[in-house]
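This report covers the arrangement of the domains, the interface between them, and selected strand pairings and charged pairs.

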Amino acid sequence: MKHSVVSLTINGTERQMLVAPGTTLVEVLRENQGLAGTRRGCDQGACGTCTVLVDGKAMMSCLLPVETIEGARVETIEGLTPMQGLHPIQEAFLEGFATQCGFCTSGMIMATAGLLARNPNPSRDDAVRAISGNICRCTGYEAIIDAVLDAAKRMQAAQRSEAA
Ligand code: FES
Ligand code: FES
């Protein structure tokens with residue numbers, strides 16, 4: 001089978017890679033780019049732990065052959081995390097006890113980032129819908145939903161202080 005060269009902008013840096021047909025984004029991120037913060041669970045679009053942003057939209061990276069997203073802008077949990085400290089979404093999850101074993105957490109945070117990019121002031125129902133494709137075996141979800149709403153408030157406060 002013929003390999004192809006694919007270009008993606010990953011966490012702000014343009015990358016070119018030679019991939020076999022059908023290679024998925026999660027495979028590229030973890031095995032080619034060393035970005036293991038994106039988890040690999042079911043490989044079937046059923047758990048959401050592989051969620052990243054593709055052109056600003058939360059998507060399950062195990063379902064995306066990279067040749068179908070040539071030229072896309074991909075953001076992972078590593079790109080979201082500032083050089084120092086934590087992103088407001090990460091702070092909300094940490095302080096709200098919305099993470100236990102942590103396996104789902106990067107996917108939950110990226111699903112939250114996708115929600116807040118298109119809807120900075122989500123309702124509780126919006127938050128539930130945004131994480132509806134993400135499975136958590138540990139928390140019972142309430143703390144995660146609270147953290148999504150808290151993250152929205154923190155992001156708004158951060159933007160207000162930047163604008164001041
Ligand atoms: S690993 Fe992608 S949805 Fe489960
Ligand atoms: S914290 Fe363990 S799966 Fe969500």
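## Domain arrangement

The centres of domain 1 and domain 2, taken over C-alpha atoms, are 21 Å apart. The model is predicted. In the domain assignment of the protein chain, domain 1 spans residues 4-79 and domain 2 spans residues 88-163.

## Interface between the domains

Contacts link 18 residues of domain 1 with 14 residues of domain 2. The size of an interface is often given as the accessible area lost when the parts come together. For domain 1 and domain 2 the buried area is about 1100 Å², with 62% of it on carbon and sulfur atoms.

Which kinds of polar pairing occur between domain 1 and domain 2? There are 5 residue pairs in polar contact, both residues of each pair being at pLDDT 80 or more. The salt-bridge rule finds 0 salt bridges across the interface of domain 1 and domain 2. On the side of domain 1 that touches domain 2, the elements giving two or more residues are β3 (51-54) and β4 (57-60). Strand β3 supplies the largest share of that side, 3 residues. By class, the side of domain 1 that touches domain 2 is made up of 7 nonpolar, 8 polar and 3 charged residues.

## The β3-β4 hairpin

The two strands named at the interface also pair with each other: β3 and β4 are antiparallel and share 4 bridges. V52 has M59, in β4, as its bridge partner. A hairpin is formed by β3 and β4 with 2 residues between them, and D55 in the turn has a positive phi of about 50°.

## The β1-β2 hairpin

Strand β1 (residues 4-10) and strand β2 (residues 13-19) run antiparallel and are joined by 7 bridges. T9 stands opposite E14, a residue of β2. Here too the strands form a hairpin: 2 residues lie between β1 and β2, and N11 in the turn has a positive phi of about 50°.

## Salt bridges

Side chains of opposite charge can pair when their charged atoms come close. The count by the salt-bridge rule is 9, although 0 are found across the interface of domain 1 and domain 2.

One salt bridge joins R40 and E27, with 3.5 Å between the closest N and O atoms. E27 belongs to helix α1 (25-32) and R40 to the loop between α1 and β3, so the pair ties together parts that are 13 residues apart in sequence.

Notes: Residues are numbered from 1 along each chain as its sequence is written. Chains are lettered from A and ligands numbered from 1 in the order in which they are written. This is a predicted model: local features need pLDDT of at least 70, side-chain atom pairs count only at pLDDT 80 or more; totals for chains, interfaces and linings use all residues. Side-chain values use heavy atoms; hydrogens and water are left out. Domain bounds come from an automatic or database domain assignment. Contact means heavy atoms within 4.5 Å. Buried area is the accessible area (1.4 Å probe) that two parts lose on being put together, summed over both. A salt bridge is a side-chain nitrogen of Lys or Arg within 4 Å of a carboxyl oxygen of Asp or Glu. A polar contact is a pair of N or O atoms within 3.5 Å; within protein, one must be able to donate a hydrogen and the other to accept it, and residues adjacent in sequence count only if both atoms are side-chain atoms. Ala, Val, Leu, Ile, Met, Phe, Trp, Tyr, Cys and Pro count as nonpolar, Asp, Glu, Lys and Arg as charged, and the others, Gly among them, as polar. Two strands pair if DSSP finds at least two bridges between them.
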